[in-house]
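Reader: I'm in my first year and I keep tripping over the labels people put on structures. Could we go through one together, with me asking where each label comes from?

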Amino acid sequence: ATVNTVDFLYTCDTHLSDPGFASQVGSSNDGVGAGAAQKMGLSPEEIAKVKAEWEERQKKKAEKAKEKEKEKDKDNDKDKDGKDSEDKDKSSGKESGSSKKVPGSLSPPSTTPTPPTPTPTHQRYTLHRDIFALRLAEHRRRRQAAQAKQLAPRLPGAPMTPLPSNPPS
């Protein structure tokens, strides 16, 4: 259920440095760092097998993405070819003076490629089991409260008239 789930929790540096709250991903005590495979009882062959499967899946994904881009490019080229031929027919009827610059017009922006801005990388932490359980319990409580509010109007109300009093016989 949590294979592709990434949950973000914004915390201060004090909490992140608290060893009872979270541990940094890749540190020796979280089971992800070096030597963790031996602690978990995994052999190097099993690790190599999983890596090979993962790399194969990534290659397949990349190939599919390339194929989709090629198809999109082909479709776009077909559309552009049809539009270009119409534009050429229209422009051939115009005077050649239309290509002169109009005074006061702006020149088109330069097409120099700008280098992509590097995305900031953040340190990754793993919440400890107890803290994570508290967080899940809070989320569950909120979800149940929302469901109760949604269900409440559909439930029958309490009777407004008093019950008849029958003397015991």
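Reader: Why is E56 called partly exposed?

Author: This is a predicted model, and in it E56 has a relative accessible area of 45%. Buried means under 20% and exposed means over 50%, with partly exposed in between, so 45% makes E56 partly exposed.

Reader: What makes K60 and E56 a salt bridge?

Author: Their side chains meet with N and O 3.6 Å apart. The cut-off is a Lys or Arg side-chain nitrogen within 4 Å of an Asp or Glu carboxyl oxygen, so 3.6 Å passes for K60 and E56. As for the chemistry, side chains of opposite charge can pair when their charged atoms come close.

Reader: How do you know that K60 and E56 are separated by about one helical turn?

Author: Both sit in helix α3, residues 44–92, and they are four residues apart, which means about one turn. K60 is partly exposed too, because its relative accessible area is 48%.

Reader: How many salt bridges does a search of the whole structure find?

Author: It turns up three. One of them joins R141 and E138, with N to O at 2.5 Å. Another joins R142 and E138, whose closest N and O atoms are 3.3 Å apart.

Reader: Where do R142 and E138 lie?

Author: Both are in helix α4, four residues apart, about one turn of the helix. Salt bridges that share partners join E138, R141 and R142 into one network. R141 and E138 are three residues apart in that helix, which covers residues 129–151, so they too are separated by about one helical turn.

Reader: Why does R142 count as exposed?

Author: Check it against the 50% line: R142 has 54% relative accessibility, and exposed means over 50%, so R142 gets the label. R141 has 49%, so R141 is partly exposed. E138 is partly exposed as well, because its value is 30%.

Reader: What makes the patch of E63, E67, E69, E71, D73, D75 and D77 negative?

Author: Asp and Glu count as negative, and those residues form a negative surface patch. One of them, D73, is in helix α3. D73 has 45% relative accessibility, so D73 counts as partly exposed.

Reader: Which residues form a positive surface patch?

Author: K66, K70, K74 and K78 do. Lys counts as positive, so the label fits these lysines. K70 is found in helix α3, and K70 counts as exposed because 55% is over the 50% cut-off.

Reader: Is P19 buried or exposed?

Author: P19 counts as exposed, because its relative accessibility is 65% and the cut-off is over 50%. P19 lies in the loop between α1 (13–17) and β1 (22–24). P19 and H128 are 109 residues apart in sequence, yet 8.9 Å apart in space, C-alpha to C-alpha.

Reader: How many helices and strands does the protein chain have?

Author: Four helices and two strands. Along the sequence, the pattern reads α-β-α-α-β-α.

Reader: What share of the protein chain counts as buried?

Author: Just 5% of its 169 residues. To earn that label, a residue has to be under 20% relative accessible area. The accessible surface of the chain comes to about 16,600 Å², with 56% belonging to carbon and sulfur atoms. And among contacts between residues at least 6 apart in sequence, 62% join residues at least 24 apart.

Definitions and conventions: Residues are numbered from 1 along each chain as its sequence is written. This is a predicted model: local features need pLDDT of at least 70, side-chain atom pairs count only at pLDDT 80 or more; totals for chains, interfaces and linings use all residues. Side-chain values use heavy atoms; hydrogens and water are left out. Buried means under 20% relative accessible area, exposed over 50%, partly exposed in between (1.4 Å probe, protein chains only). Patches are made of residues with over 30% relative accessible area and no salt bridge: like charges are joined within 9 Å, nonpolar side chains (Val, Leu, Ile, Met, Phe, Trp, Tyr) within 5 Å. Accessible areas come from the Shrake-Rupley method with a 1.4 Å probe; for residues, only the protein chains shown count as cover. The place of a charge is taken as NZ of Lys, CZ of Arg, CG of Asp or CD of Glu. Contact means heavy atoms within 4.5 Å.
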